[in-house]
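I opened this notebook to record what I looked up in one structure. The entries follow the order of my enquiries.

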Amino acid sequence: MTRRPMSARRARAIVEAAELVKAADWSDTRAWHVVSDDVVLVVVEPSYGGTSRTGRNGWAWRLADAAIPGSRPETTREQAAVAGLAAWTRWATNNQK
């Protein structure tokens, strides 16, 4: 079964309604979810591998339901959420598998 692409207008409406909220397992993972209409679109997680005292180097995003690799680290979780939503929009409106 192939995925049908979403219209740009519908994708924009979903993105505009999206909110960044703590994940249910936040105390264990420190992950945040970008949610729209009770559907998780993007997962934002702390990114490790930096040279800071804690080893953190920002925030990384990944699409919740797509087989698309994650991102390079962003400075803030809000920036990671915006970058993730932009990637989700490209994925949702693309007519390829």
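The entries below go from the overall make-up to the sheet and then to the helix that packs on it.

Entry 1. I noted at the outset that this is a predicted model.

Entry 2. I looked up the secondary structure and found three helices and four strands. Read from the N terminus, the elements of the protein run α-β-α-β-β-β-α.

Entry 3. I turned to burial and surface. Of the 97 residues in the protein, 30% are buried. The accessible surface of the protein comes to about 6,600 Å², and carbon and sulfur atoms account for 50% of that area.

Entry 4. I then asked how the contacts spread along the sequence. Taking contacts between residues at least 6 apart in sequence, I found that 34% join residues at least 24 apart.

Entry 5. In what order do the strands of the sheet lie? I recorded an open sheet of four strands in the order S1-S2-S3-S4, with antiparallel pairing. Strand S1 (19–22) and strand S4 (56–63) stand at the edges; each has a single partner strand, so one side of each lacks a neighbour in the sheet. From one strand to the next, the twist averages 30 degrees.

Entry 6. I examined one pair more closely. Strand S2, residues 32–36, and strand S3, residues 39–48, pair in the antiparallel sense over five bridges. Trp 32 stands opposite Val 44 in S3.

Entry 7. Which strands does helix H3 touch? I found that helix H3, residues 77–93, packs on the sheet and touches S1, S2, S3 and S4. The direction of helix H3 makes about 25 degrees with that of S4.

Note on methods. Residues are numbered from 1 along each chain as its sequence is written. This is a predicted model: local features need pLDDT of at least 70, side-chain atom pairs count only at pLDDT 80 or more; totals for chains, interfaces and linings use all residues. Side-chain values use heavy atoms; hydrogens and water are left out. Helices (H or I, at least four residues) and strands (E, at least two) are DSSP runs, numbered from the N terminus. Buried means under 20% relative accessible area, exposed over 50%, partly exposed in between (1.4 Å probe, protein chains only). Contact means heavy atoms within 4.5 Å. Accessible areas come from the Shrake-Rupley method with a 1.4 Å probe; for residues, only the protein chains shown count as cover. Two strands pair if DSSP finds at least two bridges between them. Axes are lines fitted to C-alpha atoms, for helices over the stretch in contact, and angles run from 0 to 180 degrees between N-to-C directions.
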